[in-house]
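The following exercises concern the packing of helices around one central subject. Please work through each task before reading its solution.

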Amino acid sequence: MLSDSNALAWVRRDDERLLLKWSVASDRFERLAFAAELTAWLGAQGLPVSAPLPTLAGEVQVTNDGVSMGVQGIIDGVHLSVEDADQVRAAGATLARLHDALRSYPMRDAQHEVLSPPAPLTQQVSGWLASEPSTVSPQTRDVLGQMLERVPADLPPMQIVQGDYRAANILCAGTEVVGVLDFEELRLDHRIVELARSAVMLGTLFRDWGPVSVSVREHFLDGYQAVQTLTDEELRW
C-alpha cells in the first residue's frame, strides 16, 4: 500500500513477474491515463522506460468501478548511485534522450488540460525570492535578484518533461540506465528546469532530499550535453 488512494502489488503470470498499480483518486485518472499512453509511446521509441502492458483490447490504463489500473513488467536493476560517475553520466545522457523524444510527442487538445503551462521562469524565481525563503540569506537573495535581472529572455519552447527524475526512479545495470520509472508527475516546462532540479536532487531515493556534490552535478551535465547541447541562453540560466 502506498497511500489511502494508491497501491501496488507484485503479481506473476506464469514465470513472468509483473507490477500492478491502481488508484482510487478520481481527480488523477486523466493524468494517469495520459502518463500510461506517453510511457507506452516512449517504450515503442526504444527508450528505457517501464512501459505499461496493454490489455487484450489494447488499453494501457483501465478505469473500472472507480478504480484506475495499469500493469507493468519488472525491470532488473538497482537504483542509481551518485557515487558512480559513469552511472551519473549515463543518467544525464538518458535524460537528454528522453527530452529529445518528449519534444516530439504528438499532443492532443484534451491533453493541454493535463499539462497546463507554468508561469514564466523569471516570474517563478522572482516570486520565490519575494517570499523571503528562510533557508536563503538576505545577501544571497540580493545576489540572485541581480543575476535574475541579467538572464536572457529567449529560451527554447517549453515541452513535456518527466517531472521526477532522481535516483528513486532510475534503475541501472552496471553503468547503463535500464529503467526510468514513474511518469505520473510529468508536466510542461523548460528542459533546463528539469535538468537543474535533477542535477541537484539526483541522489534522492525515498528520504534525505539534500543536494549532491558539485562533481556529481558536473558529471550529470556532461552526460546530458554529450547527447543534447544546451544553447548559450540555457547555459546562462
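Three exercises with worked solutions follow.

This is a predicted model, in which local features need pLDDT of at least 70, side-chain atom pairs count only at pLDDT 80 or more, and totals for chains, interfaces and linings use all residues. Residues are numbered from 1 along each chain as its sequence is written, and side-chain values use heavy atoms, with hydrogens and water left out.

**Exercise 1. Length and start of α2**

Compare the expected span of helix α2 with the distance between its end C-alpha atoms, and identify the side-chain contact at its start.

Solution. Helices are DSSP runs (H or I, at least four residues), numbered from the N terminus. The expected span is 1.5 Å times one less than the number of residues. Helix α2 covers residues 85–103, which is 19 residues, so it should span 27 Å; its end C-alpha atoms lie 27 Å apart, in agreement. At the start of α2, a side-chain oxygen of aspartate 84 comes within 3.0 Å of the backbone nitrogen of aspartate 86.

**Exercise 2. α2 against α6**

Describe the crossing of α2 and helix α6 (residues 214–227) and classify the residues in contact.

Solution. Two packed helices are described by the angle between their axes and the distance between the axes. Axes are lines fitted to C-alpha atoms over the stretch in contact, and angles run from 0 to 180 degrees between N-to-C directions. Here the axes come within 7 Å and cross at roughly 45°. The two helices are therefore oblique (under 35 degrees is roughly parallel, over 145 roughly antiparallel, 65 to 115 roughly perpendicular, the rest oblique). The crossing of α2 and α6 is right-handed. The contact (heavy atoms within 4.5 Å) includes Ala85, Val88 and Arg89 of α2, and Val216, His219 and Phe220 of α6. Its residues divide into 10 nonpolar, four polar and two charged. In this scheme Ala, Val, Leu, Ile, Met, Phe, Trp, Tyr, Cys and Pro count as nonpolar, Asp, Glu, Lys and Arg as charged, and the others, Gly among them, as polar.

**Exercise 3. α2 against α1**

Determine how helix α1 (residues 29–44) is oriented relative to α2, and which residue classes form the contact.

Solution. The axes of α1 and α2 come within 11 Å and cross at roughly 110°. Helix α1 is therefore roughly perpendicular to α2. Leu38, Trp41 and Leu42 of α1 meet Leu98, Ala101 and Leu102 of α2. The contact of α1 with α2 has six nonpolar, no polar and no charged residues.

How values were computed
A polar contact is a pair of N or O atoms within 3.5 Å; within protein, one must be able to donate a hydrogen and the other to accept it, and residues adjacent in sequence count only if both atoms are side-chain atoms. A crossing is left-handed if the near helix is turned anticlockwise from the far one by less than a right angle, and right-handed if clockwise.
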